[in-house]
Amino acid sequence: MIKKINFTHLLYYFNLKAITIITIKKIAELANVSPGTVDRIIHNRGQVTQDNVDRVNAIIEEYGYKRNILASNLALNKKFHFAVFLPKYEDLEYWKSQIIGIEKAAVEFGKFGVVLDYFFYDFNTASFKEAVKKVLNFECDGLLFAPIFYEESIRFLDKYKKKNISVVLIDSDINTNQQHAYVGQDAFQSGYLAGRLISFAVKNERQILIFKITREIESTSVYLQRIDGFYSFFKDHGELTNFKFSEVTIKDSGIDQLNMDMFLGVHSVFVPNSRAYIVARFLEKNNIKGVRIIGYDLLEENIEYLNKGIIDFLINQRPEEQGYMGISHLYKKMVLQETVEDTHYIPLEIILKENYFPVKK
């Protein structure tokens, strides 16, 4: 014989409070006012007596009423325009991955009224400044921005703060007078990690070369933070006295300037951006072996030399996840009106050839 359980008695026995879903109509009945009065109090509009406000708020607090924001937005067919302000990505795997993540978020949140408007710039300050004018004149509800040009980005954000619009930075974080959110790596910590990786299993004296390969632009904030973090690891570990350091800087357009003398006596190379494959290609071509290389990002060319064993470590920044999380932050804050953390660090992922498994598209 199956015995029926009286859940009401159980709730009483364990001193639990049953969950009640309350509506505006029910609040109105309990407060002895009209549903219209409750609606005006909830949305803070119209003239309502303080007595009614107090009674309605007391009932809301007791029963935990929460407005269905999504339902309200859908009923009003409300659109939320987010501006996406990034470098052009056609020939750049890293930024193409960012766009893949952004588009994934656009599809997912588009059904709730999210619309993305793109503003792209070339890797030169003139193109960036032209794009800035368009972004400043564009009315939107949120901005996703990659501050590649440090000084110019500071000036842009200083002007943009007058618009009082939520801003999310991706790829690199910069200190500004405007409060903003950030999604990406902890650049300093990633450089610190690179130093630790190079220090592993090294007993005799080692010469480390920091190979800085830049585009036709000044080094970005994230780039400098990585180098600072790298040096800081060795400063914090005074027992590692057998490491010596040197630096080389070349432009992308001058990669033919690489020569054998740069690598004389070098045991390890740290490339603080995604161009480790340029060093690996030169070492392979000139049959230089026994040099440990550490760099960033799962570009196809980097993966090629990782699998060949010429690049030892790659630190993956998960650019696709950065793009997705950046739009997700704006969605939660502007559409759902949730309180969200301003900083979301992407975990630092160490990739070796033994643990690299390509994602199936």
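Visitor: At about what angle to strand 9 does helix 9 run?
Guide: In this predicted model, helix 9 covers residues 187-199. It lies across strand 6 (206-214), strand 7, strand 8 (268-270), strand 9, strand 10 and strand 12. Relative to strand 9, the direction of helix 9 makes an angle of about 160°.

Visitor: Is S190 buried or exposed?
Guide: S190 belongs to helix 9. Apart from neighbours within four places in sequence, S190 is in contact with Q185, R226, Y296, I315 and L348. Since its relative accessibility is 0% and the limit is under 20%, S190 counts as buried.

Visitor: In what order do the six strands of the mixed sheet stand?
Guide: The sheet is open and its pairing is mixed. Strand 7 (243-251) and strand 12 (349-351) each have a single partner strand, so one side of each is left without a neighbour in the sheet. From one strand to the next, the twist averages 20°. Read across the sheet, the order is 7-6-8-9-10-12.

Visitor: Which residue in strand 10 stands opposite G295?
Guide: Strand 9 (residues 292-296) and strand 10 (residues 313-316) are paired in the parallel sense, over three bridges. G295 falls within the residue range of strand 9, and its opposite number in strand 10 is L314.

Visitor: Across which strands does helix 11 lie?
Guide: Helix 11 is formed by residues 276-285. Its direction is at about 155° to that of strand 9. The strands that helix 11 lies across are strand 6, strand 8 and strand 9.

Visitor: What is the relative accessible area of F233?
Guide: F233 lies in helix 10, which spans residues 221-236. With residues up to four places away in sequence left out, F233 touches Y192, G195, R196, S199 and L240. F233 is buried, because the limit is under 20% and its relative accessible area is 2%.

Visitor: How far apart in space are F233 and R196, C-alpha to C-alpha?
Guide: R196 is one of the residues that F233 touches. The two are 37 residues apart in sequence. In space, C-alpha to C-alpha, the separation of F233 and R196 is 6.8 Å.

Visitor: Which are the edge strands of the sheet with parallel pairing?
Guide: This open sheet has six strands in the order 2-1-3-4-5-11. Each edge strand pairs on one side only. The edge strands are strand 2 (114-121) and strand 11 (343-345).

Visitor: By how much does that sheet twist, on average, from one strand to the next?
Guide: The pairing in the sheet with the order 2-1-3-4-5-11 is parallel. From each strand to the next, its twist averages 15°.

Visitor: Which residue is the bridge partner of A83 in strand 3?
Guide: Strand 1 (residues 80-87) and strand 3 (residues 142-145) run parallel and are joined by four bridges. One pair of facing residues is F85 and F145. For A83, the bridge partner in strand 3 is L143.

Visitor: Which residues of strand 3 point the other way from G142 and L144?
Guide: In a regular strand, side chains alternate between the two faces of the sheet. In strand 3, G142 and L144 point one way, and these two and the residues pointing the other way are all buried. The residues that point the other way are L143 and F145.

Visitor: Which residue in strand 4 stands opposite G142?
Guide: Strand 3 runs parallel to strand 4, and four bridges join them. Opposite G142, in strand 4, stands S166.

Visitor: At about what angle does helix 8 run to strand 3?
Guide: Helix 8 consists of residues 150-160. It lies across strand 1, strand 3 and strand 4. The angle between helix 8 and strand 3 is about 175°.

Visitor: What is the handedness of the crossing of helix 6 and helix 13?
Guide: The axes of helix 6 (residues 93-110) and helix 13 (residues 319-335) come within 6 Å and cross at roughly 35°. The crossing is right-handed.

Visitor: How many of the residues in the contact of helix 6 with helix 13 are charged?
Guide: Helix 6 contributes residues including Y94, K104 and E108, and helix 13 contributes residues including P319, E320 and Y331. The contact also holds nine nonpolar and six polar residues. The number of charged residues is three.

Visitor: What percentage of the residues of the protein count as buried?
Guide: The protein has 13 helices and 12 strands. About 20,300 Å² is exposed, and carbon and sulfur atoms supply 51% of that area. Of the 361 residues, the share that counts as buried is 44%.

Note on methods:
Residues are numbered from 1 along each chain as its sequence is written. This is a predicted model: local features need pLDDT of at least 70, side-chain atom pairs count only at pLDDT 80 or more; totals for chains, interfaces and linings use all residues. Side-chain values use heavy atoms; hydrogens and water are left out. Buried means under 20% relative accessible area, exposed over 50%, partly exposed in between (1.4 Å probe, protein chains only). Contact means heavy atoms within 4.5 Å. Two strands pair if DSSP finds at least two bridges between them. Axes are lines fitted to C-alpha atoms, for helices over the stretch in contact, and angles run from 0 to 180 degrees between N-to-C directions. A crossing is left-handed if the near helix is turned anticlockwise from the far one by less than a right angle, and right-handed if clockwise. Ala, Val, Leu, Ile, Met, Phe, Trp, Tyr, Cys and Pro count as nonpolar, Asp, Glu, Lys and Arg as charged, and the others, Gly among them, as polar. Accessible areas come from the Shrake-Rupley method with a 1.4 Å probe; for residues, only the protein chains shown count as cover.
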